[in-house]
Amino acid sequence: MTSTHCSTPAPAIELQVRAAREAMDAATALLRRAGCRPTAQRLLVLQALGGGDHVDADEILGHARERYPAIDRSTVYRTLDALVEAGIARRTDLGHGRAFYEMARDHRHHHAVCQRCGAVAHVHDGALAPLAEALAQTGFTLTTDREITIPGLCPECTEGDGHAHP
Ligand SMILES: [Zn+2]
Ligand SMILES: [Zn+2]
């Protein structure tokens with residue numbers, strides 16, 4: 001009987017461990033820069049957000065519980081609020097009636113949301129310049145601290161429709 005498991009870690013695992021440690025260091029530094037104490041809860045929630053995706057509070061709770069089963073919902077919600085307040089995370093309404101969270105970015109960005117499958121694409125703020133100009137003619141200005149959610153169909157759902165773009 002061979003027992004190769006539980007021997008010295010394979011290089012791939014060592015790499016994963018090192019990547020996890022580096023991610024943790026980065027998260028700790030991020031919190032410190034924002035003036036937040038790097039508590040275990042905040043680090044857990046940040047890790048759940050780190051993928052660059054849009055995740056809702058339940059997904060973050062599930063992710064946090066994988067590592068720390070005792071963490072409760074209100075702790076996760078409070079932690080998310082603190083991260084949003086500190087400018088580390090953003091809360092985004094993607095039109096599903098619930099809030100999504102993502103890591104804050106340098107630039108404001110907007111979201112196109114597929115009305116069929118919920119896929120999300122980012123739209124650069126500069127893309128709204130023509131809209132801002134058109135609005136200016138009515139005397140309106142775009143509110144600069146708001147993000148806009150644009151309903152649409154993602155490429156896959158457009159294709160499934162038989163109305164693919166040329
Ligand atoms: Zn879609
Ligand atoms: Zn986003």
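**Salt bridges**

I looked first at R108, which forms a salt bridge with D125, the closest N and O atoms being 2.8 Å apart; I count a salt bridge where a side-chain nitrogen of Lys or Arg lies within 4 Å of a carboxyl oxygen of Asp or Glu. R108 sits in the loop between β3 and β4 and D125 in the loop between β5 (120-124) and α5, so the pair ties together parts that are 17 residues apart in sequence. Helices here are DSSP runs of H or I with at least four residues, strands are runs of E with at least two, and both are numbered from the N terminus.

I note that this is a predicted model, in which local features need pLDDT of at least 70 and side-chain atom pairs count only at pLDDT 80 or more, while totals for chains, interfaces and linings use all residues. Residues are numbered from 1 along each chain as its sequence is written, chains are lettered from A and ligands numbered from 1 in the order in which they are written, and side-chain values use heavy atoms, with hydrogens and water left out.

The structure holds five salt bridges, and I looked up another, between R73 and D58, with closest N and O atoms 2.7 Å apart. R73 belongs to helix α4 and D58 to helix α3, so this pair joins parts 15 residues apart in sequence. R73 is partly exposed at a relative accessible area of 41%, and D58 is partly exposed at 43% (buried is under 20%, exposed over 50%, partly exposed in between; 1.4 Å probe, protein chains only).

**Zinc site**

I then turned to the zinc ion (ligand 2), which is coordinated at 2.0 to 2.5 Å by NE2 of H54, H109, H111 and H122 and by two OE donors of E102; donors are N, O and S atoms within 2.8 Å of the metal (3.2 Å for Na, K and Ca), and because water is not among the atoms, sites may look incomplete. Along the chain, the donors follow the spacing H-x47-E-x6-H-x1-H-x10-H. H54, in the loop between α2 (40-49) and β1 (55-56), and H111, in strand β4 (residues 109-114), are 57 residues apart. I find H54 buried at 14% relative accessibility and H111 buried at 0%.

**Nonpolar core**

Lastly I checked the largest nonpolar core, a set of buried Ala, Val, Leu, Ile, Met, Phe, Trp, Tyr and Cys residues joined through side-chain atoms within 4.5 Å. Of its 22 residues, L31, L46, L49, I60, L80 and L83 touch the most other members, and α2 gives the most to this core, with six residues.
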